[in-house]
Amino acid sequence: MHTLHVWSNCDMATCQSDATDGYGLIRDGALVIEGETLAWVGPRAQLPVKYLEPHVQQHDAQGALLTPGLIDCHTHLVYGGQRANEFELRLNGATYEEVARAGGGIVSTVRATREADESTLAQQSQRRLNALLKEGVTTVEIKSGYGLALAHEAKCLRVARALGQHNPVTVRTTFLGAHAVPPEFAGRPDDYIDAVVAMMPTLAKEGLVDAVDAFCDSIGFTLAQTERVFAQAKHLGLPVKLHAEQLSDSDGAALAARYQALSCDHLEWLSERGAQAMAQAGTVAVLLPGAFYFLRETRLPPINWLRQHQVPMAISTDCNPGSSPCTSLLLMLNMACTLFRMTPQEALLGVTRHAAQALGLTDRGSLVAGQRADVVLWDVQSPAELCYAMGANPRRQTLVAGAAVQV
């Protein structure tokens with residue numbers, strides 16, 4: 001029989017689906033944990049008497065705000081090297097083409113990732129993961145896509161799996177072999193898609209893949225090439241996601257919706273037709289303000305269309321070396337509000353309930369009975385403070401599957 005734990009003297013942003021205020025805010029609340037699961041959530045005055053019996057462990061939250069554990073649902077956390085030199089070159093006047101000719105761009109990250117062994121990749125990635133954990137992240141998605149060959153994609157996915165095994169966090173892995181064309185396939189994207197499709201059964205058999213992603217855009221892969229990847233994923237019983245409409249309207253969102261995609265991500269150029277297709281398919285829009293900021297984009301994602309068609313909106317760091325070298329999900333909350341004009345309520349749902357939906361996870365993302373007991377205690381008075389303060393980290397304590405963890 002599991003020990004019961006009661007946390008009280010707290011306010012809670014439950015992020016429930018039926019919340020009328022967006023937050024599902026409960027003032028002076030209480031939360032009961034049984035094993036790894038939330039057993040009861042509500043106002044402290046309504047706490048059932050059985051949870052006050054002597055064998056129940058009581059915890060004073062000391063006025064903290066409780067939220068679900070944060071979920072970073074789109075990262076490229078495992079990669080080799082860094083690209084600060086390219087950042088410097090561009091700001092000193094070099095063009096994208098000049099940087100590429102100098103061996104920069106994604107090719108440089110592919111080279112560094114291929115050269116790094118698993119231990120080196122794990123050490124570099126652990127530092128990035130630590131930053132997320134310190135901000136209350138309890139679930140993170142990690143994509144491959146910087147190996148672009150079977151051995152190196154498998155290496156990156158093994159590192160991602162190991163990070164989940166050795167840290168108090170759930171890691172969901174996504175195969176992004178269709179990220180870019182590697183140097184050995186230069187000028188032969190269709191042949192490379194053949195290779196991507198051939199990699200997938202092996203990686204799936206090894207238990208390294210939870211979902212499949214692709215980059216469908218003007219500098220990525222075509223609709224036809226992307227659909228070949230999706231068709232193989234469907235054959236293998238794997239859900240799909242898509243980098244879509246970041247640099248142009250390629251109609252990728254509609255294709256993803258036809259395959260019941262978990263999410264479409266970026267979406268600055270999303271059309272209303274694409275938003276409607278996503279709504280009908282239940283596909284989540286994952287918005288990435290860090291990449292928008294870093295690339296100095298000017299076209300905003302169509303937030304009003306997403307609201308109008310009731311497409312769930314998630315937010316993520318998009319942690320990657322080329323366009324969003326960011327390991328602060330709290331900063332993304334602020335950027336989503338300031339750059340994309342999302343409300344604090346939408347932003348918080350974007351890193352909790354809707355982020356869970358973007359990963360196909362139904363057991364987390366809100367504080368309701370029956371959910372996994374991933375909980376964060378914050379030293380703030382209102383949920384809006386999590387979006388309001390730039391560079392602040394008011395996290396006091398993280399509970400993962402009901403247990404207090406040190407991060």
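## A tour from Glu245 to the N-terminal hairpin

Begin by selecting Glu245 and Asp251: the backbone nitrogen of Asp251 lies 3.4 Å from a polar atom of the Glu245 side chain, a polar contact in the sense of a pair of N or O atoms within 3.5 Å, where within protein one atom must be able to donate a hydrogen and the other to accept it, and where residues adjacent in sequence count only if both atoms are side-chain atoms. The model is a predicted one, in which local features need pLDDT of at least 70 and side-chain atom pairs count only at pLDDT 80 or more, while totals for chains, interfaces and linings use all residues. Residues are numbered from 1 along each chain as its sequence is written, and side-chain values use heavy atoms, with hydrogens and water left out.

**Around Glu245**

Glu245 sits in the loop between strand S10 (241-244) and helix H8 (252-258); helices (H or I, at least four residues) and strands (E, at least two) are DSSP runs, numbered from the N terminus. Glu245 counts as buried because its relative accessibility is 1%, the classes being buried under 20% relative accessible area, exposed over 50% and partly exposed in between, with a 1.4 Å probe and protein chains only. Now add Glu268, which is 23 residues from Glu245 in sequence but 6.0 Å away in space, C-alpha to C-alpha. Leaving out residues up to four places away in sequence, Glu245 touches, among others, Cys216, Asp217, Leu267 and Trp269, contact meaning heavy atoms within 4.5 Å.

**The parallel sheet**

Next, display the strands from S6 to S13, which form an open sheet of 8 strands in the order S6-S7-S8-S9-S10-S11-S12-S13 with parallel pairing. S6 and strand S13 (313-315) each have a single partner strand, so they stand at the edges and one side of each is left without a neighbour in the sheet. Neighbouring strands here are turned by 25° against each other on average, direction ignored; axes are lines fitted to C-alpha atoms, for helices over the stretch in contact, and angles run from 0 to 180 degrees between N-to-C directions. Zoom in on S10 and strand S11 (residues 263-266), which pair in the parallel sense over 4 bridges, pairing requiring that DSSP find at least two bridges between two strands. In this pair, Leu242 stands opposite Cys264. Then bring in helix H7, which lies across S8, S9 and S10 and runs at about 180° to S9.

**Thr174 in S8**

Select Thr174, in strand S8 (residues 170-178). At 2% relative accessibility, Thr174 is therefore classed as buried. Its side chain makes a polar contact of 2.7 Å with the side chain of Glu141, and beyond four places in sequence Thr174 also touches other residues, including Leu157, Asp213 and Lys241.

**Helices H5 and H6**

Turn to H5, whose 17 residues should span 24 Å at 1.5 Å a residue, which agrees with end C-alpha atoms that are 24 Å apart; the expected span is 1.5 Å times one less than the number of residues. The buried residues of H5 include Cys156, Val159 and Leu163, and the buried residues of this helix pack against H3, H4, S7, S8 and H6. H6 (residues 189-205) has 17 residues and reaches 25 Å from its first C-alpha to its last, close to the expected 24 Å. With both helices shown, H5 and H6 pack at an angle of about 35°, their axes 10 Å apart. Their crossing is right-handed, the near helix being turned clockwise from the far one by less than a right angle, whereas an anticlockwise turn would be left-handed. To see the interface, pick Leu150, Glu153, Ala154 and Leu157 in H5, which meet Met199, Thr202 and Leu203 in H6. Just after H6, Gly207 takes a positive phi of about 70°.

**Helix H4**

Helix H4 (residues 118-133) comes next, with 16 residues reaching 21 Å between the end C-alpha atoms, close to the 22 Å expected. Its buried residues are Leu121, Gln124, Ser125, Arg128, Leu129, Leu132 and Leu133, and what covers them includes strand S6 (70-72), helix H12 (329-338) and strand S15 (395-400).

**The N-terminal strands**

Finish with strand S1 (residues 4-13) and strand S2 (residues 25-34), which pair in the antiparallel sense over 8 bridges, with Ile26 in S2 as the bridge partner of Met12. S2 also pairs with strand S3 (residues 37-43), again in the antiparallel sense, over 6 bridges, and Leu31 stands opposite Val41 in S3. In the S2 and S3 hairpin, which has 2 residues between the strands, Gly35 takes a positive phi near 65°.
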